[in-house]
Amino acid sequence: MADDNLFYRNIFASILDGMIVVSGERKMIQVNPAAEEMFQQSRESFLHKSCLELFADSSEIENKIGDTLAGGASFHDIECRGIRKSGTVTFPLSLSISPFMNEDNEVQGAVLHTRDKSFILDLEETARQSDQISSLGILSLGMAHEIKNPLVAISGSAQLLRKRLPEEHHEFLDVVIKEADRINRMMDRMLDFARPVDPKKQSINIHQLIEEILVLEKKSGRIQFIQNYDPSLPPIEGNEDRLKQVFLNLIRNAVEAMPEGGIIQIVTRIHSNYTVKTLQNLVSKQGIVVEIIDSGIGINEATMKNLFTPFHTTKSKGSGLGLPISLKIVEDHRGKIKVISKPNQGTTVQVFLPVG
Ligand SMILES: Nc1ncnc2c1ncn2[C@@H]1O[C@H](COP(=O)(O)OP(=O)(O)OP(=O)(O)O)[C@@H](O)[C@H]1O
Ligand SMILES: [Mg+2]
């Protein structure tokens, strides 16, 4: 019996979702480590408090738990909001409620099963936008390829004409040549987007890669860069050229968001993608996060929805391809990009990349 007890306690502690056992009076009598982490409070601060303190929309949940305690009803995947310990931060939560019985089959309390949905919801939003890239991508790449050939002919003929015609006509031909150039550059970017990634993966020191980019960006002197690097950051496997393209795009966007100059922070740290728990300790599968934090103009809601849509730009000289290309490269590396921004409050771009 004692062995059985330990066995069940181990299982309870190993479950990656939050598990909270509540008494008939709705007081919390047992919590597992995943629940402690999710609600950011220690076991001691849960125990003997009302479980309703954990939820922002507590009246709906109070009714449901009431139904469970009174009649043994269960509820699956209720979408609600949880409250972290500070009391001000809420997060999306999926909650299931089931009764637990004593030996005589009487309801003694309820088991709450909670799952934090914040990370998944954020990533779903990026994934929705990235679906658009693949369908749009195929069509536009075909077009890019076809546009480049006649473009060379247009630009070449305009240059010839420019040589032959008197100076008064040059102004117009210069427009033709300049614009043809611009289209050509855009087409190159799009074709680059489709170039298959070199399957050879190298071991990459992200700090070194970022430093190589910053050497160039620092030249303007307008922007101050603060590098906040985690010295224990492990190397990652990937394609150096392509990843350099990603961070160049992101750092350029940050610089372009601060026309008056300012500070850009680059932070690196280890990120636990997912955690495997045992009773005594936590084993984390590792990834890294690189954050590029600017204090620039920020992004409004409309642009936020179209950040990764090809050709969506708010800049007169932009092509709107920097972010979609970066996302594709990062996804090819099994990583994710997350953008957090509000108008006039700067922008934080997080790049998640797996290790090994
Ligand atoms: N750090 C940032 N701060 C403010 N706005 C940003 C930032 N990063 C991206 N944006 C917004 O997202 C849009 C799309 O960015 P993206 O890099 O894809 O294209 P672009 O910068 O406009 O053009 P390109 O990168 O092709 O030269 C930008 O036009 C801008 O409105
Ligand atoms: Mg850009």
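Two strands count as paired if DSSP finds at least two bridges between them. With that in mind, open the model, which is predicted, and start with the sheet.

**Stop 1: the sheet**

Select strand E1, residues 18-23, together with E2. The two run antiparallel and are joined by 3 bridges. To find the register, pick valine 22, which stands opposite methionine 28 in E2.

Keep E1 on screen and add strand E5, residues 107-116. Here 6 bridges hold an antiparallel pairing between E1 and E5. Click methionine 19, whose bridge partner in E5 is histidine 113.

Next add strand E4, residues 90-101. E4 pairs with E5 over 9 bridges, also in the antiparallel sense. Leucine 93 is a useful marker, as this residue lies opposite aspartate 116 in E5. Now follow the chain through the hairpin of E4 and E5, where 5 residues separate the strands. Among them, asparagine 105 has a positive phi near 65°.

Show the whole sheet. In what order do the 5 strands lie? Reading across, the order is E2-E1-E5-E4-E3, in an open sheet with antiparallel pairing. The edges are strand E2 (28-31) and strand E3 (75-83), each of which pairs on one side only. Turn the view along the sheet to see the twist, which averages 30° from one strand to the next. With side chains displayed, bear in mind that in a regular strand they alternate between the two faces of the sheet.

**Stop 2: helices H7 and H8**

Hide the sheet and select helix H7 (residues 206-217) and helix H8 (residues 240-256). Their axes come within 10 Å and cross at roughly 45°. H7 is therefore oblique to H8. The crossing of H7 past H8 is right-handed.

To see the contact, display these side chains:

- from H7: Leu209, Ile210, Ile213 and Glu217
- from H8: Glu240, Leu243, Lys244, Phe247, Leu248, Ile251 and Val255

Colour them by class: the contact of H7 with H8 has 8 nonpolar and 3 charged residues, and no polar ones.

**Stop 3: helices H8 and H10**

Leave H8 in view and swap H7 for helix H10 (322-332). The axes of H8 and H10 come within 9 Å and cross at roughly 145°. Is this crossing left-handed or right-handed? The crossing of H8 and H10 is left-handed.

The residues to display are as follows:

- from H8: Arg242, Leu243, Gln245, Val246, Asn249, Leu250, Arg252 and Asn253
- from H10: Gly322, Leu323, Ile325, Ser326, Ile329 and Val330

Leu243 of H8 is listed in the contact with H7 and in the contact with H10. By class, the contact of H8 with H10 is made of 7 nonpolar, 5 polar and 2 charged residues.

**Stop 4: ligand 1**

Finish by centring on ligand 1 and selecting the 22 residues around the ligand. Which of them come nearest? They are Ala257, Thr313, Gly318, Gly322 and Leu323. Gly322 and Leu323 also appear in the contact of H10 with H8.

H8 and H10 are the elements that give two or more residues to this shell. H8 gives the most, with 3 residues. Coloured by class, the shell around ligand 1 divides into 7 nonpolar, 13 polar and 2 charged residues.

Terms used
Residues numbered from 1 in each chain as written. Chains lettered and ligands numbered in written order. Predicted model: local features only at pLDDT ≥ 70, side-chain atom pairs only at ≥ 80, totals over all residues. Helix = DSSP H or I, 4+ residues; strand = E, 2+ residues; numbered from the N terminus. Axes fitted to C-alpha atoms, helices over the stretch in contact; angles between N-to-C directions. Parallel < 35°, antiparallel > 145°, perpendicular 65-115°, else oblique. Left-handed = near helix turned anticlockwise from the far one by under 90°. Contact = placed C-beta atoms within 7 Å. Nonpolar A, V, L, I, M, F, W, Y, C, P; charged D, E, K, R; others polar. Near = placed C-beta within 6 Å.
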